[in-house]
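Trainee: I should like to study one part of this model closely, with the rest of the chain described as its setting. May I ask for a connected account?

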Amino acid sequence: MSFPEQNGPPLESQGVQLLPSSNPAKHIALPLPRSPHTTLHIRLTRLETSNLIFLTTTDHATSSSSSALGSFVYAMPNRLNPSDPLSTALFPVPSSIDFATRVAKILARKTGKPTYVGCSATFGAATVEEEVEGVKAAIDAILNDLAGHERNVHVNGI
């Protein structure tokens, strides 16, 4: 992918801080616990001051079609009440807003970092229990990956 030529002064001189590409996005795919034909796809990007996560689902019937843009939620730790993170829906879509908000708030609380979550995951005719297990599976996979990254940072000193 190439970007168009930039006209004018360099971005750095305009106060824009370019982050090094040493934090590539991590892609995780896992089957949902009660729906093995449905796969939850997670794209996790660790930024210096926040985490950026995108979630979507695919199943055998829709694996070749693209999914619609879902909800986009921002959550941050609450310094006054750490057990209740603050969140706001930046782009709400009724079918995915609850899932995105839950994931964003849980991750903000557990990581202590602001978290952006984009979610186009759909659970169709899934029960509440299946959706809760989907949230748990997503949280566990993301936290395991973040914990592994933190261990590597401390071991390697990077």
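How many helices and strands are there in the protein chain? Against that background, which residues are linked in a network of salt bridges, and where do they stand?

Mentor: The model is a predicted one, and the values below are computed from it. The protein chain contains 2 helices and 6 strands. Read from the N terminus, these elements follow the order β-β-β-β-β-α-β-α. Of the 158 residues in the chain, 31% are buried. The accessible surface amounts to about 10,100 Å², and carbon and sulfur atoms account for 56% of that area.

The part in question can now be taken up. The whole structure holds 3 salt bridges, and Lys26, Arg46 and Asp145 are the residues linked in a network. Asp145 takes part in two pairings, which may be described in turn. With Lys26, the side chain of Asp145 forms a salt bridge at 3.3 Å, N to O. That pair links distant parts of the chain, since Asp145 belongs to helix 2 and Lys26 to strand 1, 119 residues apart. With Arg46, the closest N and O atoms of the salt bridge are 2.7 Å apart. Here Asp145 in helix 2 meets Arg46 in strand 2, so the pair ties together parts that are 99 residues apart in sequence.

The members of the network may also be described by their accessibility. Asp145 has a relative accessibility of 14% and therefore counts as buried, the limit being under 20%. Arg46 is likewise buried, its relative accessible area being 14%. Lys26, by contrast, is partly exposed, because its relative accessible area is 36%.

The two strands that carry the basic partners are themselves joined. Strand 1 (residues 26-32) pairs with strand 2 (residues 35-46) in the antiparallel sense, through 7 bridges. Together they form a hairpin, with 2 residues between the strands. Within this pairing, Leu30 is placed opposite Leu40 of strand 2. Asp145 of helix 2 thus has a salt-bridge partner in strand 1 and another in strand 2.

The same elements also recur in the nonpolar interior. The largest nonpolar core has 28 residues, and those touching the most other members are Ile42, Ile53, Leu55, Phe99, Val103 and Val117. At least two core residues come from each of strand 1, strand 2, strand 3, strand 4, helix 1 (97-111), strand 6 (115-119) and helix 2 (128-156). Phe99 illustrates the setting: beyond its neighbours within four places in sequence, it contacts Leu55, Cys119, Ala121, Phe123, Glu131, Gly134 and Val135. For the chain as a whole, 55% of the contacts between residues at least 6 apart in sequence join residues at least 24 apart.

The loop that follows strand 2 adds a further view of this region. Ser50 sits in the loop between strand 2 and strand 3, and with a relative accessibility of 6% it counts as buried. Setting aside residues up to four places away in sequence, Ser50 touches Thr45, Lys113, Pro114 and Tyr116. The loop that precedes helix 2 offers a second example. Ser120 lies between strand 6 and helix 2, and it is buried, with a relative accessible area of 16%. Its C-alpha atom is 6.1 Å from that of Ser96, although 24 residues separate the two along the chain.

The remaining salt bridge lends itself to comparison. Asp84 pairs with Lys105, and their closest N and O atoms are 3.8 Å apart. Asp84 is in the loop between strand 4 and strand 5 while Lys105 is in helix 1, so this pair ties together parts that are 21 residues apart in sequence. Asp84 is partly exposed, because its relative accessible area is 38%. Lys105, at 25% relative accessibility, also counts as partly exposed.

One surface feature completes the setting. Leu69, Leu90 and Phe91 make up a nonpolar patch with about 330 Å² of accessible area together. Leu69 is located in the loop between strand 3 (51-59) and strand 4 (71-76), and it counts as exposed because its relative accessibility is 66%.

To return to the request, the network consists of Lys26, Arg46 and Asp145, with Asp145 buried, Arg46 buried and Lys26 partly exposed.

Notes. Residues are numbered from 1 along each chain as its sequence is written. This is a predicted model: local features need pLDDT of at least 70, side-chain atom pairs count only at pLDDT 80 or more; totals for chains, interfaces and linings use all residues. Side-chain values use heavy atoms; hydrogens and water are left out. Patches are made of residues with over 30% relative accessible area and no salt bridge: like charges are joined within 9 Å, nonpolar side chains (Val, Leu, Ile, Met, Phe, Trp, Tyr) within 5 Å. Accessible areas come from the Shrake-Rupley method with a 1.4 Å probe; for residues, only the protein chains shown count as cover. A salt bridge is a side-chain nitrogen of Lys or Arg within 4 Å of a carboxyl oxygen of Asp or Glu. Helices (H or I, at least four residues) and strands (E, at least two) are DSSP runs, numbered from the N terminus. Buried means under 20% relative accessible area, exposed over 50%, partly exposed in between (1.4 Å probe, protein chains only). Two strands pair if DSSP finds at least two bridges between them. Contact means heavy atoms within 4.5 Å. A nonpolar core is a set of buried Ala, Val, Leu, Ile, Met, Phe, Trp, Tyr and Cys residues joined through side-chain atoms within 4.5 Å.
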